[in-house]
Amino acid sequence: MDSWPEIEFERQGPFRRTLKGGIINPLANYLPGGLLRGLLKFGKSELAAANWADPGGWRSMVISYNGHARKLADRILIKGGTMPMALRNRRRLAGKVLASLIEQSPNQPAYVLCLGAGPGQIIIDAICQSGCTAKALLVDLNADAFEYGKALADAAGLQENISFVQADVRHVNGMLAQPPDIAKMLGICEYLTDEQIIAIAAALAAVMPDGTPIVFNTLSLAHGTDRFFRRVFGLHMIHRDARQLGALFEQAGFGDFTTAGEPLGVYEIVVGRKRPTQTSPPAAARRPPHAEGVAP
Ligand SMILES: C[S@@+](CC[C@H](N)C(=O)[O-])C[C@H]1O[C@@H](n2cnc3c(N)ncnc32)[C@H](O)[C@@H]1O
């Protein structure tokens, strides 16, 4: 996959990295959880409140994406925290990758299936950036996300392009009116077990035409605050690299994976392709070796 020099990623210089690695992250990870939760409550942190209400839910994602912080606690967490910075980088990178896939789709407008989509910020970014249009079906368990998503789609002039289904992504095979041209699973694999990922990918593979792309993301421990997320936010994420996730999607019928990373090293965006369904080999290949060269 191309690298994306045109994307303005958020980066951390050596001083900030050293400060975080040596002081800030160890404090966040090892100060008593009750004390940190108390400080965040006292500081009226919206990011912490969103995670406590729905760990890893769409609201905390939107707060990180927007980067706006009214309270001091949030200014520190959202502007300076490695994870919110990496999430904004992931949004930019995934938006570009999807915009390019939408443009390459042989079917226009491309039909994009977004699993665990939240309000659909990334697919809305992608459609706006692409040189063509697309239709997207957004699937999420949480219908609250859709009200916000409809406002986002309206603001982007895409109200006709986006539709919403409240459902569990594990039941994906019953949801589709037509085969998707692109499937996307961003911000969701880290909350699913290996078995759940394989089952969802297999259900997708059953309805996706050969060669169609699927987009998902990895998650590494490079953010340095997993212990903080678990103890203070109640966020239990499963970290998997491209090789581990690729192995799961491969079992379900995908292959040909390409990967692009963001500069903080927390997320990579992976694009895989639905492998051709096994068909009977051509007659010539089926001929037994002793028959080689014999006229039919
Ligand atoms: C971290 S948010 C990611 C939102 C969006 N994909 C993004 O990257 O900005 C995860 C979303 O997945 C949804 N979700 C989690 N498990 C789900 C499931 N089994 N079926 C449908 N949605 C699910 C949550 O409700 C939430 O909106």
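**Two domains and a ligand between them**

Buried residues account for 40% of the 296 residues in the protein. The structure is a predicted model. Its fold contains twelve helices and seven strands. The domain assignment splits the protein into domain 1 (14–81) and domain 2 (85–274), and a ligand lies between these two domains, because both give residues to the shell around it.

**Overall shape and contacts**

- Taken along the principal axes, the C-alpha atoms of the protein fill a box of roughly 85 × 45 × 35 Å.
- Of the contacts in the protein with a separation of 6 or more, 77% are between residues 24 or more positions apart.

**How the two domains meet**

- The C-alpha centres of domain 1 and domain 2 are 25 Å apart.
- Domain 1 puts 21 residues into the contact, and domain 2 puts in 22 residues.
- On the side of domain 1 that touches domain 2, the elements giving two or more residues are α1 (14–30), α2 (33–42), α3 (46–53) and α4 (58–66).
- Sorted by class, that side of domain 1 has nine nonpolar, ten polar and two charged residues.

**Around the ligand**

- The ligand is surrounded by 21 residues. The closest of them are W58, G116, G118, V169 and G187.
- Three elements give two or more residues to this shell: α4, α7 (121–129) and β2 (134–140).
- The shell around the ligand is made up of eleven nonpolar, seven polar and three charged residues.
- Helix α4 appears in two places in this account: it gives two or more residues to the side of domain 1 that touches domain 2, and it also gives two or more to the shell around the ligand.

**Helix α5**

- Helix α5 covers residues 72–80, and D74, L77 and I78 are buried in it.
- Which part of the helix do the buried residues of α5 line? Seen down the axis of α5, they fall within an arc of 85°, so they line one face of the helix.
- The general rule behind such a pattern is that an α-helix has 3.6 residues a turn, so residues three or four places apart point the same way.
- The buried residues of α5 are covered by elements including α3, α4 and α6 (82–104).
- Two of these covering helices, α3 and α4, also give two or more residues each to the side of domain 1 that touches domain 2.

Conventions
Residues are numbered from 1 along each chain as its sequence is written. This is a predicted model: local features need pLDDT of at least 70, side-chain atom pairs count only at pLDDT 80 or more; totals for chains, interfaces and linings use all residues. Domain bounds come from an automatic or database domain assignment. Two residues are in contact if their C-beta atoms, placed from the backbone, lie within 7 Å. Helices (H or I, at least four residues) and strands (E, at least two) are DSSP runs, numbered from the N terminus. Ala, Val, Leu, Ile, Met, Phe, Trp, Tyr, Cys and Pro count as nonpolar, Asp, Glu, Lys and Arg as charged, and the others, Gly among them, as polar. A residue is near a molecule or strand if its C-beta atom, placed from the backbone, lies within 6 Å of it. A residue is buried if 20 or more other C-beta atoms lie within 10 Å of its own, exposed if 12 or fewer, and partly exposed in between; C-beta atoms are placed from the backbone. The arc is that of the directions from the helix axis to the C-beta atoms.
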